[in-house]
Amino acid sequence: MKDLFMAFAASAAFACAATPFVKRWAEKVKAIDVPKDNRRVHKKPTPLLGGLAIYFACLMSILLFVPLNEKVLGILAGATMIVICGYFDDIKSLSPKTKFAVQIIAAIIAIYCGVRIDRFTNPLYFIYKAKWIELGIFAYPVTLLWIVGLTNAFNLIDGLDGLAAGVSAISSVTLLTVAMLVGPEQPYILIMTAILAGATLGFLPYNFNPAKIFMGDTGALFLGYMLSVISVMGVLKSATALSILVPIFAMGLPIFDTLFAMIRRFASGKSMVEADKGHLHHRLLAKGYSQKKAVLTLYSVSAILGIGAIALVETKLKTAYILVFVVFLLASMGVKYLGLLDAGKGKNKLDA
């Protein structure tokens with residue numbers, strides 16, 4: 001616990017100290033988010049690249065507290081690629097194909113170095129009497145889809161001051177708690193998760209409304225990537241009854257928001273990479289929520305899902321199924337309330 005606290009505190013201190021320097025650098029290289037369309041909620045130009053502070057805080061802390069091996073070096077190599085891609089995208093927008101290609105390469109590097117979903121516990125044990133579902137050769141595409149999908153999911157929720165940073169911190173703390181309960185693949189995963197939580201919280205005071213700096217794609221893609229690989233090594237391979245659902249709950253907000261966006265865009269005939277105003281945070285604003293109230297509401301939802309993830313670890317299979325049903329029921333009510341599957345036709349407060 002002492003090592004975890006030291007790693008967490010060091011990472012938070014590094015991020016907090018580095019953010020003002022990153023802000024000045026962003027202004028120097030003109031990495032500024034100028035509100036030029038009605039999708040953007042902020043009213044004045046705001047520096048980007050805040051993710052650099054999170055990245056360097058994590059990098060420094062990992063070098064200090066984590067023993068370097070092939071997996072850790074592979075994760076850092078992939079993360080560095082993601083950050084470089086995000087950096088240039090924040091300065092001068094890159095094409096979706098370019099960003100997607102970099103994400104795939106970064107994921108392949110992690111997979112090559114041993115970050116793989118080889119198996120997970122059988123959620124239908126009462127029907128098919130096998131404790132584990134072995135993926136075999138499918139481990140590679142499944143892991144690739146998981147890493148790339150989550151990398152983009154966290155980028156999609158980065159639409160309000162402090163939203164992606166706060167949700168990432170909650171997800172990190174959830175994964176850390178679960179990993180402590182189940183015992184991760186390697187003990188250093190606990191330290192890496194604590195480091196990620198610390199760096200995100202160290203950055204958050206500068207990013208919460210009214211934000212002085214945005215993390216940009218540099219930070220959102222980095223956080224999604226790191227949380228995806230950490231979840232593979234810390235939770236998905238555990239012997240928990242519904243291990244496959246634990247990280248889905250822990251990172252439920254960006255995952256569900258992304259799934260709803262894909263369904264919504266497919267139903268309306270739009271491209272999957274075409275931006276819209278149908279995300280969770282947009283819908284809350286359309287309901288009349290202020291930025292702060294919308295962010296705090298989504299923090300609460302993320303925290304409840306995190307508690308659900310921890311509960312899945314501590315409950316028996318039948319109880320876990322009841323919990324999943326309750327969450328599904330509540331999520332369905334939320335989808336209907338916010339109209340998350342609507343095509344976004346017509347006027348609302350965001351169109352004003």
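**Exercise 1.** Determine whether Arg119 is buried, exposed or partly exposed from its relative accessible area, and then describe its pairing with Glu134.

*Solution.* Arg119 has a relative accessible area of 32% and is therefore partly exposed, where buried means under 20%, exposed over 50% and partly exposed in between, with a 1.4 Å probe and protein chains only. The model is a predicted one, in which local features need pLDDT of at least 70 and side-chain atom pairs count only at pLDDT 80 or more, while totals for chains, interfaces and linings use all residues. Residues are numbered from 1 along each chain as its sequence is written, and side-chain values use heavy atoms, with hydrogens and water left out.

The partner, Glu134, is exposed, because its relative accessible area is 53%. The two side chains form a salt bridge at 3.5 Å, N to O, the criterion being a side-chain nitrogen of Lys or Arg within 4 Å of a carboxyl oxygen of Asp or Glu. Glu134 belongs to strand S4 (residues 132–134) and Arg119 to strand S3 (residues 119–121), so this pair ties together parts that are 15 residues apart in sequence. Helices (H or I, at least four residues) and strands (E, at least two) are DSSP runs, numbered from the N terminus.

A network also exists: salt bridges that share partners join Asp89, Lys99 and Asp217. By the stated rule, the count of salt bridges comes to five.

**Exercise 2.** Examine the salt bridges Asp217–Lys99 and Lys23–Glu27, and say where in the fold each pair is placed.

*Solution.* Start with Asp217 and Lys99, whose side chains meet at 3.3 Å, N to O. Asp217 sits in helix H8 (residues 216–236) and Lys99 in helix H4 (residues 96–112), so the bridge ties together parts that are 118 residues apart in sequence. Both Asp217 and Lys99 are buried.

Next, Lys23 and Glu27 form a salt bridge at 2.9 Å, N to O, with both residues inside helix H1 (residues 2–28), four residues apart, about one turn of the helix. An α-helix has 3.6 residues a turn, so residues three or four places apart point the same way. Lys23 is partly exposed at 26% relative accessibility, and Glu27 is partly exposed at 38%.

**Exercise 3.** Identify the residues with the most contacts inside the largest nonpolar core, and trace the surroundings of Leu196.

*Solution.* The largest nonpolar core has 95 residues, and those with the most contacts inside it are Met192, Phe222, Tyr225 and Met226; such a core is a set of buried Ala, Val, Leu, Ile, Met, Phe, Trp, Tyr and Cys residues joined through side-chain atoms within 4.5 Å. H8 gives the most to this core, with 12 residues.

Not counting residues up to four places away in sequence, Phe222 touches several residues, among them Ile54, Tyr55, Leu196 and Asp217, contact meaning heavy atoms within 4.5 Å. Leu196 is found in helix H7 (residues 188–207) and is buried, with a relative accessible area of 0%. With the neighbours within four places left aside, the contacts of Leu196 include Cys58, Ser172, Phe222 and Met226. The C-alpha atoms of Leu196 and Ala12 are 8.7 Å apart, although 184 residues separate them along the chain.

**Exercise 4.** Compare the length of helix H6 with its expected span, and state how far H6 is covered.

*Solution.* Helix H6 (residues 163–182) has 20 residues and reaches 28 Å from its first C-alpha to its last, close to the 28 Å expected at 1.5 Å a residue, the expected span being 1.5 Å times one less than the number of residues. H6 is mostly covered, with 14 of its 20 residues buried. Gly183 follows H6 and has a positive phi, near 80°.
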